[in-house]
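Reader: I'd like a close look at the largest pocket and what goes on around it. Could you start from the chain as a whole and work your way in?

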Amino acid sequence: KSTERILLMAAYLQERHNFQEITSYDMNFRLKRIGFGVSNISSSLNSILNRKPQVIVQLEKEGTSKQKRRKFKVTEEGLRVARSFLPGNEPIKRKK
């Protein structure tokens with residue numbers, strides 16, 4: 001699923017490459033290079049931003065109207081969810 005790929009890539013960039021803030025370009029550029037580009041990353045990111053609990057938060061917007069670049073950061077919950085996607089990790093136990 002594209003939202004899972006986006007979250008996993010964002011977590012990877014933040015944790016392994018020490019990105020303090022991540023743009024959709026950063027994520028999709030790398031996803032395309034490994035064959036998993038997202039056709040409409042803005043729409044997918046909007047659905048991720050609306051999730052509760054939040055796994056990715058938007059920090060700021062930069063640039064002029066249509067050309068704005070949004071900057072994001074993965075939350076602790078997002079890092080936990082991303083780790084659960086990796087082999088050898090226990091699935092997430094959700095509270096009822």
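Author: Let's start with who touches whom. Of the contacts in the protein chain with a separation of 6 or more, 48% are between residues 24 or more positions apart; a contact here means heavy atoms within 4.5 Å. Keep in mind that this is a predicted model, where local features need a pLDDT of at least 70 and side-chain atom pairs count only at pLDDT 80 or more, while totals for chains, interfaces and linings use all residues. Residues are numbered from 1 along each chain as its sequence is written, and side-chain values use heavy atoms, with hydrogens and water left out.

Now the fold. The protein chain has four helices and three strands, taken as DSSP runs (H or I over at least four residues for a helix, E over at least two for a strand) and numbered from the N terminus. Walk along the sequence and you get α-β-α-α-β-β-α. The chain is as compact as a globular protein of its length, because its radius of gyration of 13 Å is close to the 12 Å that the globule rule gives for 96 residues. That radius is taken over C-alpha atoms, and the rule is 2.2 Å times the number of residues to the power 0.38. The C-alpha trace spans about 40 × 30 × 25 Å along its principal axes. Buried residues make up 33% of the 96; buried means under 20% relative accessible area, exposed means over 50%, and partly exposed is in between (1.4 Å probe, protein chains only). The chain exposes about 6,800 Å², with carbon and sulfur atoms supplying 47% of that; such areas come from the Shrake-Rupley method with a 1.4 Å probe.

On to your pocket. The largest one has a volume of about 270 Å³. To count as a pocket, a set of points on a 1 Å grid over the protein atoms alone must be open and have protein on both sides within 12 Å along at least five of seven lines, and lining residues have an atom within 4 Å of a point. The points are joined across faces, edges and corners, and the volume is the space filled by probe spheres set on them. Out of 13 lining residues, L8, A11, Y12, R16 and L86 sit closest to the centre. Two elements give two or more residues to this lining, α1 (2–16) and α4 (76–85). The largest share, seven residues, comes from α1. By class, the lining holds nine nonpolar residues, no polar ones and four charged ones. Nonpolar here covers Ala, Val, Leu, Ile, Met, Phe, Trp, Tyr, Cys and Pro, charged covers Asp, Glu, Lys and Arg, and the others, Gly among them, go down as polar.

Since α4 contributes to that lining, let's look at it too. G78, L79, V81, A82 and S84 are its buried residues, and they pack against α1 and β3.

What comes after α1? A loop leads on to β1 (22–23), and E21 is in it. N18 is in that loop as well, and so is F19. N18 has a positive phi of about 55° although it isn't a glycine. Most residues other than glycine have a negative phi. With 56% relative accessibility, N18 counts as exposed. Leaving out residues up to four places away in sequence, F19 touches L13, Q14, D26 and R30. Its C-alpha is 8.6 Å from that of K73, 54 residues away along the chain. E21 is partly exposed at 31% relative accessibility. With the sequence cut-off of four places, E21 touches D26, L59, E60, K71 and F72.

For comparison, check out the second largest pocket, at about 220 Å³. Its lining is S24, Y25, N28, F29, K32, I41, S42, K68, R69, R70 and F72. The elements giving two or more residues are α2 (24–33), α3 (41–49) and β3 (69–74), and α2 supplies the largest share, five residues. This lining splits into four nonpolar, three polar and four charged residues.

One last oddity for your notes: the peptide bond from K52 to P53 is cis, with omega near -5°. P53 is in the loop between α3 and β2.

Terms used: On a 1 Å grid over the protein atoms alone, a cavity is a set of points where a 1.4 Å probe fits but cannot get out, and a pocket is an open set with protein on both sides within 12 Å along at least five of seven lines; lining residues have an atom within 4 Å of a point.
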